[in-house]
Amino acid sequence: MTSPIRKATSRTADVWLIDVDDPHFLEAAGSSLAGPDDHARALALSDADAGRRLLARQATLRLILARYVEPGPAELRIVTAPGGKPVLLTGPAFSVAHSGSLLAVAVSGTSSVGVDIEHRRPVTRAQAIADRWFGEGEARALAAAPDGTRDDVFLQLWTAKEALAKRHGAGLRLMKGRGTHVGEALDVAASLSDASLAYFDAGAEYVAALALNGPIEHVDVLTPSEELWTI
């Protein structure tokens, strides 16, 4: 057992960006860190490579969280809260997202955190999706976006909404709800205004957003050193 290396505070977040093509990441799949449930999920996948990456993600998550709490990565107790959000039984809040070749793990001392990243790409039916699931003002803003920017505008809204939904612990199921409370919970403009939502730099090929249960004072974007992979 070693002392924590980093401290999680309530108005800040660390976001670890992991290249899933990094040999260290792939080697983590062969460690003993992923739990029995993770191995069962991996075996249930028809694609062996996808199963290996699932195990690598879970092992990497534990390696990162172990930098904030006393127990070693194998001793961390991660449980599933009502609504399906994974939580650390004792320790900071965290959230995970992956897209393209990046895995993002956000860690914060607040009560809940949500993170999302999306690889920039063309989005078919972007306006139809926005008209059905986004707020009226957001859908209008997308429709008014200049040609050539609409995909980025959509991905910025989508990424922000997914981060907000993860912060609430319901994932995108919240987006499919109805009523004023849902619109308020996922209101991108309002959340940016009160600083509980922020975009951060994950590289030119990605759109990335973070949401906390309160104002965000700072987001520290981190990449792993060799030391992280030492088990």
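Okay, let me start with a question: which strands form an open sheet with antiparallel pairing, and in what order? The answer is three strands, in the order β6-β8-β7. Before I go on, please keep in mind that this is a predicted model.

So, that sheet. The strands at its edges are β6, residues 113-119, and β7, residues 197-199, and each of those pairs on one side only. On average, neighbouring strands here are turned by 15° against each other, if you ignore direction. Take the pairing of β6 with β8, which covers residues 206-212: it is antiparallel and has seven bridges. If you want a spot to click on, go to I117, whose bridge partner in β8 is A208.

Now, what packs on this sheet? That would be helix α6, residues 150-168, which touches β6, β7 and β8. The direction of α6 makes about 155° with that of β6.

Let's stay with α6 and look at the helices around there. α5 packs with α6 at an angle of about 155°, and their axes are 8 Å apart. That makes the two roughly antiparallel. On the α5 side you'll find E138, L142 and A143, and they meet R150, V153, F154, L157 and K161 of α6. Sort the residues of that contact by type and you get five nonpolar, three charged and no polar ones.

α5 has another neighbour, and that's α4. Helix α4 is residues 126-133 and helix α5 is residues 136-144; their axes come within 8 Å and cross at roughly 160°. So these two are also roughly antiparallel to each other, and the crossing is left-handed. Which residues of α4 meet A139, L142 and A143 in α5? They are A126, Q127, A130 and D131. The split for this contact is five nonpolar, one polar and one charged. You may have noticed L142 and A143 coming up again: they meet residues of α4, and they meet residues of α6 as well.

While we're here, one backbone oddity. R125 sits in the loop between β6 and α4. R125 isn't a glycine, and still has a positive phi of about 60°. Is R125 buried or exposed? Exposed, with a relative accessible area of 59%.

There's a similar case at A195, with a positive phi of about 65°, again in a residue that is not a glycine. You'll find A195 in the loop between α8, residues 188-193, and β7. A195 is partly exposed, at a relative accessible area of 28%.

Right, on to the other sheet. This one is open too, with four strands in the order β4-β5-β1-β9, and its pairing is mixed. At the edges stand β4, residues 93-99, and β9, residues 218-222; each has a single partner strand, so one side of each is left without a neighbour in the sheet. The average turn between neighbouring strands is 20° here, direction ignored.

Let me walk you through some of it. β4 and β5 run antiparallel and are joined by seven bridges; A93, for example, stands opposite S108 in β5. The two strands form a hairpin with two residues between them, and G100 in the turn has a positive phi of about 60°. Now, β4 is an edge strand, but how many of its seven residues are buried? Five of them, so β4 is largely enclosed by the rest of the structure.

Moving along, β5, residues 102-108, also pairs with β1, residues 12-19, in the antiparallel sense over seven bridges. There, D19 has L102 of β5 as its bridge partner.

Lying across β1, β4 and β5 is helix α3, residues 48-65, which runs at about 35° to β5. And α3 has a helix partner: the axes of α2, residues 36-44, and α3 come within 8 Å and cross at roughly 160°. That makes α2 roughly antiparallel to α3, with a right-handed crossing. From α2, D38, H39, R41 and A42 meet G51, L54, L55 and Q58 in α3. The residues of that contact divide into three nonpolar, three polar and two charged.

That's my tour. Happy to take questions!

Definitions and conventions. Residues numbered from 1 in each chain as written. Predicted model: local features only at pLDDT ≥ 70, side-chain atom pairs only at ≥ 80, totals over all residues. Heavy atoms only, no water. Pairing = 2+ DSSP bridges. Axes fitted to C-alpha atoms, helices over the stretch in contact; angles between N-to-C directions. Contact = heavy atoms within 4.5 Å. Parallel < 35°, antiparallel > 145°, perpendicular 65-115°, else oblique. Left-handed = near helix turned anticlockwise from the far one by under 90°. Nonpolar A, V, L, I, M, F, W, Y, C, P; charged D, E, K, R; others polar. Buried < 20%, exposed > 50% of the residue type's maximum accessible area, 1.4 Å probe, protein only.
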